[in-house]
Amino acid sequence: MLSDVLKVSPEEKLMKAQIKTLTEKLALQQMQMAEKKLPVVVLVEGWDTAGKGSLIGGLINPIDPRFYRVATLERFTEEDQRLSFIGRYFKELPENGKFVFLDSGWMTQVTREYLYGTISDEQYQTRIQSINNFERQLADNGYLLVKLFLHITEDEQEKRVRKLNKSQDTSWRISEDDTFQNGHYGRFYQVFESYIRATDTEKAPWHIIDSSSKRWARLQALEILTDALETALNKEKVPAAIPENVFPLVKQPKLAEISLADKVLEDKEYDKRLKELQKELRGLHNKIYRKKIPVIIAYEGWDAAGKGGNIKRVAKALDPRGFEVIPIASPLPHEKARHFLWRFYVRLPKTGHITVFDRTWYGRVMVERLEGFCSENDWQRAYNEINEFEKDLTDWGAVVIKFWVQIDKDTQLKRFTDRQNTPEKQWKITDEDWRNREKWDLYEAAVDEMIAKTSTEFAPWHVLESVDKKYARIKALEIIVEELKKACKR
C-alpha cells in the first residue's frame, strides 16, 4: 500500500490550474451536500511532519465556514484519557449536511499505543475490530468517510525535522514523538502498513497521498475528496446490509413467561435490606472511583413500572459528585441530525463515575421502530450496532448493567388510574402513555426480540419484577452491588 504511492507530480503551472478548478468544484459540492443533508468526515492521518495541518488548511479554504469544523486529535488531554476509545471520536461526528476534518484520529491513537507498548497484541486486534465496526456504522448511517494518509520517505522526514529545528520560531513544532518516529521509521512503517491493510474496507477505503510537496499533496487530496463527494451526491440510497450478530448471547425467557405474583417483599425485610445494600453500594462507589471504573446503569421498562422510584433508591446511596441520572426523551434537532448513538456517547461517564440512564439507546428498537420514526432497515441494523456499542464500553473497562422493569397489564392500568385521580401525581400521566398502552402487545413482542438479540455475555439483561416495587428495588440494588464487587476484583 505505502510502497505503491504515486511519486510523479505534474508541472507547477498545471497543478495551480487544476487546484483552482477543484476548489471551485468543492465549494459547489459543499452546498449540495448541505442541501441533501449528507454528513462528511475527512480523516487526515500520516507521518509526523508530513503536512497534515497544511493540507487541511488547503481543503477547507473553499468551504463555507458555517458548515465545517476542524478537530485536532493527535494529543490527549487528561479528559480524553477518561473516555472510551471510540467515544472520543464518536462525539466529533458532524450534523447532517456538515463536514468535520480530523487532524489525526483513531489510527494515530491505536498505532502509537501499540508501538509504545501501552496495549498488547490482543488489545490492538480488539481496537482494529472496533475501528472497522465504527467505520462501517458511519457508512451504513449515511456518513461519507474519506480517509487520507500522507506519506513521506524517511529521508524527507529527517530533512523536515532538521529544517524545523534550525529556527527558534519553528523548533517548538518538533516534539519528542516526531524525533522518535524518525529514529524508528522502519518499525513505524511496518505497523502503518499493517494497520492500513487491516482497515482498508470497501465502505471505508484508504487513500495514500504522496506528500513530498505541499501543493502536490493538496491536488491529490482535492481530487480524492471531490470524487468521493460526487459519488455520494449521485448515489442512490440503498438499505445497508444487516450484519449477523457475532457476540455470544445469554438466553432469556419471554416477558409472558416471567412470574410476577410471587415476587413480593415484606416491609420489614425491605427496610432492612434497603439499608444494608445502600451502605454497601456507598462503599463500592468509593472503590470504583479509586480504581477508575466507569459504570453505566440502563433502565427500560413499561410506563408506570417504577423506574423512577428504583433509580431514586440507587441514587440515594451514591456520592452526588460522582454520578449523574440522565432522563432520555425524544431527540433534539441537533441529536436527530447525527447517528442515533451520538447522544449517548456524549453522555457517558468519565472513568470512576456512574451514569444512570432513565430510558436508553434501546428506544431505537422500541419506540422508534413501532412509531415509524426510523426505517425498518435502521432498527434491524440497530441490534448489532448496540451490541458493538456495549462491547466498546466493556472493552474500555466499563460495567454495563441493563434493567427491564416488568409489570403486567392490569397493574399498569391500576397505576395509570391512580395517577390520573391523584392531583399531585397527574403530571406523571400523559396522553402518550395511554396511546402506548393500546399497543401493549406490539411493544411486548418488540421487547422480547430486543432482549433476545442484545442480552450478551458482556452486557446481559436483568428483568426486575415490579408488581411489588419494593421487591424490584432490592433486586436492582443486589445486582448492582454484585456487579460492582466483581469489577473491583478484576
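Two strands pair if DSSP finds at least two bridges between them. Keep that in your pocket for the exercises below, and remember that this is a predicted model.

**Exercise 1. Which strands pair with β3, and is β3 buried or exposed?**

Start with β2, residues 68-72: five bridges join this strand to β3, and the two run parallel. That clears the cut-off of at least two bridges. One spot to look at is Thr72, which sits opposite Asp103 in β3.

Next comes β1, residues 40-46, which also pairs with β3 in the parallel sense over five bridges. Here Val40 faces Phe99 of β3.

Now check burial. Phe99, Phe101 and Asp103 point one way from β3, while Val100 and Leu102 point the other way, and all are buried. Five of the five residues of β3 (99-103) are buried, so the strand is largely enclosed by the rest of the structure.

**Exercise 2. Work out the strand order of the open five-stranded sheet, and say which strands stand at its edges**.

Read off the order: β7-β8-β6-β9-β10, with parallel pairing. The ends of that list are β7 (323-327) and β10 (461-465), each with a single partner strand, so one side of each has no neighbour in the sheet. As for twist, neighbouring strands are turned by 20° against each other on average, direction ignored.

Zoom in on one edge: β9 (residues 399-406) pairs with β10 in the parallel sense over five bridges. Val405 stands opposite Leu464 in β10.

Then add a helix. α12 (residues 307-315) packs on this sheet and touches β6 (295-301), β7, β8 (354-358), β9 and β10. The direction of α12 makes about 160° with that of β6.

**Exercise 3. How do α4 and α5 pack, and what kinds of residues make the contact?**

Two packed helices are described by the angle between their axes and the distance between the axes. For α4 (residues 106-115) and α5 (residues 121-140), the angle is about 175° and the axes are 10 Å apart. Angles over 145 degrees count as roughly antiparallel, and α4 and α5 are therefore roughly antiparallel to each other.

From α4, the contact uses Trp106, Gln109, Val110, Glu113 and Tyr114. From α5 come Asp121, Tyr124, Arg127, Ile131, Phe134 and Glu135. Sort the residues of this contact by type and you get six nonpolar, one polar and four charged.

**Exercise 4. Are Glu385 and Asn182 buried or exposed, and which residues do they touch?**

Buried means under 20% relative accessible area. Glu385, in helix α16 (residues 376-396), has a relative accessible area of 1%, so Glu385 is buried. Leaving out residues up to four places away in sequence, Glu385 touches Arg136, Gln137, Asp140, Asn141, His339, Phe340 and Leu341.

Asn182 lies in helix α8 (residues 176-183). At 13% relative accessibility, Asn182 counts as buried too. With the same exclusion, Asn182 touches Glu154, Gln157 and Glu158.

**Exercise 5. How many disulfides does the whole structure have, and are Cys374 and Cys488 buried or exposed?**

A search of the whole structure turns up zero disulfides. Cys374 has a relative accessible area of 11%, so Cys374 is buried. Cys488 is at 10% relative accessibility and counts as buried as well.

**Exercise 6. Sum up the chain as a whole**.

Its secondary structure comes to 20 helices and ten strands. Of the 490 residues, 53% count as buried. Finally, among contacts between residues at least 6 apart in sequence, 83% join residues at least 24 apart.

Conventions:
Residues are numbered from 1 along each chain as its sequence is written. This is a predicted model: local features need pLDDT of at least 70, side-chain atom pairs count only at pLDDT 80 or more; totals for chains, interfaces and linings use all residues. Side-chain values use heavy atoms; hydrogens and water are left out. A disulfide is a pair of cysteine sulfur atoms within 2.5 Å. Buried means under 20% relative accessible area, exposed over 50%, partly exposed in between (1.4 Å probe, protein chains only). Helices (H or I, at least four residues) and strands (E, at least two) are DSSP runs, numbered from the N terminus. Axes are lines fitted to C-alpha atoms, for helices over the stretch in contact, and angles run from 0 to 180 degrees between N-to-C directions. Contact means heavy atoms within 4.5 Å. Angles under 35 degrees count as roughly parallel, over 145 as roughly antiparallel, 65 to 115 as roughly perpendicular and the rest as oblique. Ala, Val, Leu, Ile, Met, Phe, Trp, Tyr, Cys and Pro count as nonpolar, Asp, Glu, Lys and Arg as charged, and the others, Gly among them, as polar.
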